[in-house]
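Colleague: I'd like a close look at one part of this model, the lining of its biggest pocket, and then a walk outward from there. Could you take me through it?

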Amino acid sequence: MVNTQEINGTRYGEIHVWNHKHISDEDFLSFSKEALVKLMKENIGDGRSVQGKNDEFKCIPEGMDAEMVWENKTTRIVLLHELPNDTSLEGYYLLVEAK
């Protein structure tokens, strides 16, 4: 998990799956998504559609596709799909925000 940060009074963190080259680059994208969804399912439960929830998140960076959400009384979590650009590769990660 990346250190907790804050934007406009909302604390958040990120959870990434890192590839230490144990998995080929071509297989890692789907592996990382499956690993993050499994982590959430085992600890929080099944995710839901992001439809109608996207505006509740305050810290989603531009250019990200939100795919699934989880939430409880204190926390919102969204699975983000980062598309490749000049500075980063395509990937998935969880954005965890305090309510």
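Modeller: Sure. Keep in mind that this is a predicted model. The lining of the largest pocket is a mix: seven of its residues are nonpolar, five are polar and four are charged. The pocket itself holds about 470 Å³ of space. It has 16 lining residues, and Val17, Phe28, Leu89, Glu90 and Gly91 are the ones closest to its centre. Two elements put two or more residues into that lining, namely α1 (25-43) and β6 (91-98). Helix α1 makes the largest contribution, with four residues.

Now for the enclosed space. There's one cavity of 30 Å³ or more, and the largest cavity comes out at about 40 Å³. Around it sit Arg48, Lys53, Glu56, Phe57, Val69, Trp70, Glu71 and Arg76. That lining splits into three nonpolar residues, no polar ones and five charged ones. Strand β4 gives the most here, with three residues.

Phe57 and Val69 are worth following, as they line the largest cavity and also belong to the largest nonpolar core. That core has 10 residues; the other members are Tyr12, Val50, Cys59, Met64, Val78, Leu80, Tyr93 and Leu95. Strands β4, β5 (75-82) and β6 each bring at least two residues to it. There's also a second, separate core of eight residues, with Leu36, Met40, Tyr92 and Leu94 among them.

Val78 is a good place to see how this part is put together. Setting aside residues up to four places away in sequence, Val78 touches Val50, Phe57, Ile60, Ala66, Met68, Val69, Tyr93, Leu94 and Leu95. Leu94, one of those partners, is a member of the second core.

Ala66, another partner of Val78, sits in strand β4 (residues 64-71). Its relative accessibility is 21%, so Ala66 counts as partly exposed; the cut-off for buried is under 20%. Beyond its neighbours within four places in sequence, Ala66 is in contact with Val50, Asn54, Val78, Leu79 and Leu80. Of these contacts, Val50, Val78 and Leu80 are members of the largest nonpolar core. Finally, Ala66 and His81 lie 15 residues apart in sequence, with their C-alpha atoms 6.3 Å apart in space.

Definitions and conventions
Residues numbered from 1 in each chain as written. Predicted model: local features only at pLDDT ≥ 70, side-chain atom pairs only at ≥ 80, totals over all residues. Heavy atoms only, no water. Buried < 20%, exposed > 50% of the residue type's maximum accessible area, 1.4 Å probe, protein only. Contact = heavy atoms within 4.5 Å. 1 Å grid on protein atoms, 1.4 Å probe; cavity = no way out; pocket = protein on both sides within 12 Å on 5 of 7 lines; lining within 4 Å. Points joined across faces, edges and corners; volume = space filled by probe spheres on them. Nonpolar A, V, L, I, M, F, W, Y, C, P; charged D, E, K, R; others polar. Core = buried A, V, L, I, M, F, W, Y, C linked by side-chain atoms within 4.5 Å.
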